[in-house]
Amino acid sequence: MKILVVDDEEDVKSLFEQKFRKEIRSAQFEFSFAFSGEQALAFLAQHPSEVVMILSDINMPGMSGIELLKTIRKDFPSAPPQVMMITAYGDSNNHDQAMQLGADDFLTKPVNFVELKEKLLKTL
C-alpha cells in the first residue's frame, strides 16, 4: 500500500520509517513524504492513482490539512485516496469539519502507532 504522509515537521519521516520498519522491508507499506499541502498536491499530480492512503496533519503553515482535504476531494475524484487526518488538537471543531469534508478517519498526536498500524492493515 502506498501511503503519503503530509506534515510540516520533517522529523516525522524518520519516525514513520522507524515505527514501520518491518512493514517497509516486507513491501507491505511504501511511504512517501510531503512537508506541506502544496508538496502533497504536486506529488499527487505526478502519481495520480498510486496513493491509497494519505495521512495529513491539520495545522501546517500555508495550506492547512483541511484545505488539502478539500482540494483532494475536489481534484482527485476518479481515484480517491483514503484520507486520515492527524492533529495535536483533538477538538470537536477540527474533527467535525474534517469528517464533513470527507476524511475517512481522525487521529490525535502523539500518534498511537499500534492503533495506526491496525487501521492501515484493515484498509489493505
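This passage describes the sheet, the annotated aspartate, the salt bridges and the aromatic pairs of the structure above.

The model is a predicted one, so local features are reported at pLDDT of at least 70 and side-chain atom pairs only at pLDDT 80 or more, while totals for chains, interfaces and linings use all residues. Residues are numbered from 1 along each chain as its sequence is written, and side-chain values use heavy atoms, with hydrogens and water left out.

It is convenient to begin with the sheet. Strands and helices are DSSP runs numbered from the N terminus, with at least two residues (E) for a strand and at least four (H or I) for a helix. In general, strands of a sheet pair through backbone hydrogen bonds, in either a parallel or an antiparallel manner. Here 5 strands make up an open sheet with parallel pairing, in the order S2-S1-S3-S4-S5; two strands are taken to pair if DSSP finds at least two bridges between them. The edges are occupied by strand S2 (30-34) and strand S5 (105-108), each of which has a single partner strand, so one side of each is left without a neighbour in the sheet. From one strand to the next, the twist averages 20°. Strand S1 (residues 2-6) is joined to S3 in the parallel sense by 4 bridges, and Leu4 stands opposite Ile54 in S3. Across S1, S3 and strand S4 (82-87) lies helix H4 (residues 65-75), which runs at about 175° to S4. Such angles, from 0 to 180 degrees, are taken between the N-to-C directions of axes fitted to C-alpha atoms, for helices over the stretch in contact.

Strand S3 (residues 53-57) also holds Asp57, which an unreviewed UniProt entry annotates as "modified residue: 4-aspartylphosphate". UniProt positions follow the numbering used here, with feature names shortened, and annotations may be inferred rather than shown by experiment. Is Asp57 buried or exposed? With 5% relative accessibility, Asp57 counts as buried (buried is under 20% relative accessible area, exposed over 50% and partly exposed in between, for a 1.4 Å probe and protein chains only). Apart from neighbours within four places in sequence, the contacts of Asp57 (heavy atoms within 4.5 Å) are Val6, Asp7, Asp8, Gly65, Met85, Ile86, Thr87 and Lys109. One of these residues, Asp8, lies in the loop between S1 and H1 and is partly exposed at 26% relative accessibility. With the same exclusion of sequence neighbours within four places, Asp8 is in contact with Phe35, Asp57, Asn59, Met60 and Pro61. The C-alpha atoms of Asp8 and Met63 are separated by 10 Å, with these positions 55 residues apart along the chain.

Charged pairs come next. Side chains of opposite charge can pair when their charged atoms come close. Taking a salt bridge as a side-chain nitrogen of Lys or Arg within 4 Å of a carboxyl oxygen of Asp or Glu, the count comes to 10 salt bridges. Two contacts of Asp57, namely Asp7 and Lys109, meet in a salt bridge at 2.9 Å, N to O. Asp7 sits in the loop between S1 and helix H1 (12-19) and Lys109 in the loop between S5 and helix H6 (113-123), so this pair ties together parts 102 residues apart in sequence. Asp7 is buried at 5% relative accessible area, whereas Lys109 is partly exposed at 28%. Lys2 and Glu50 form another salt bridge, with 3.1 Å between the closest N and O atoms. Lys2 belongs to strand S1 and Glu50 to the loop between helix H3 (37-46) and S3, so parts 48 residues apart in sequence are tied together. Within helix H6, Glu115 and Lys119 are 4 residues apart, about one turn of the helix. Salt bridges that share partners also join Lys2, Glu30 and Glu50 into one network.Finally, there are the rings. An aromatic pair is described by the distance of the centres and the angle of the planes. Rings of Phe, Tyr and Trp (its six-membered ring) pair if their centres lie within 6.5 Å, and planes under 30 degrees apart count as stacked, over 60 as edge-to-face and the rest as tilted. By this rule there are 9 aromatic pairs. Phe20 and Phe113 have ring centres 6.0 Å apart and planes at 70°, so the pair is edge-to-face. Ring pairs link Phe16, Phe20, Phe29, Phe31, Phe33 and Phe113 into a cluster.
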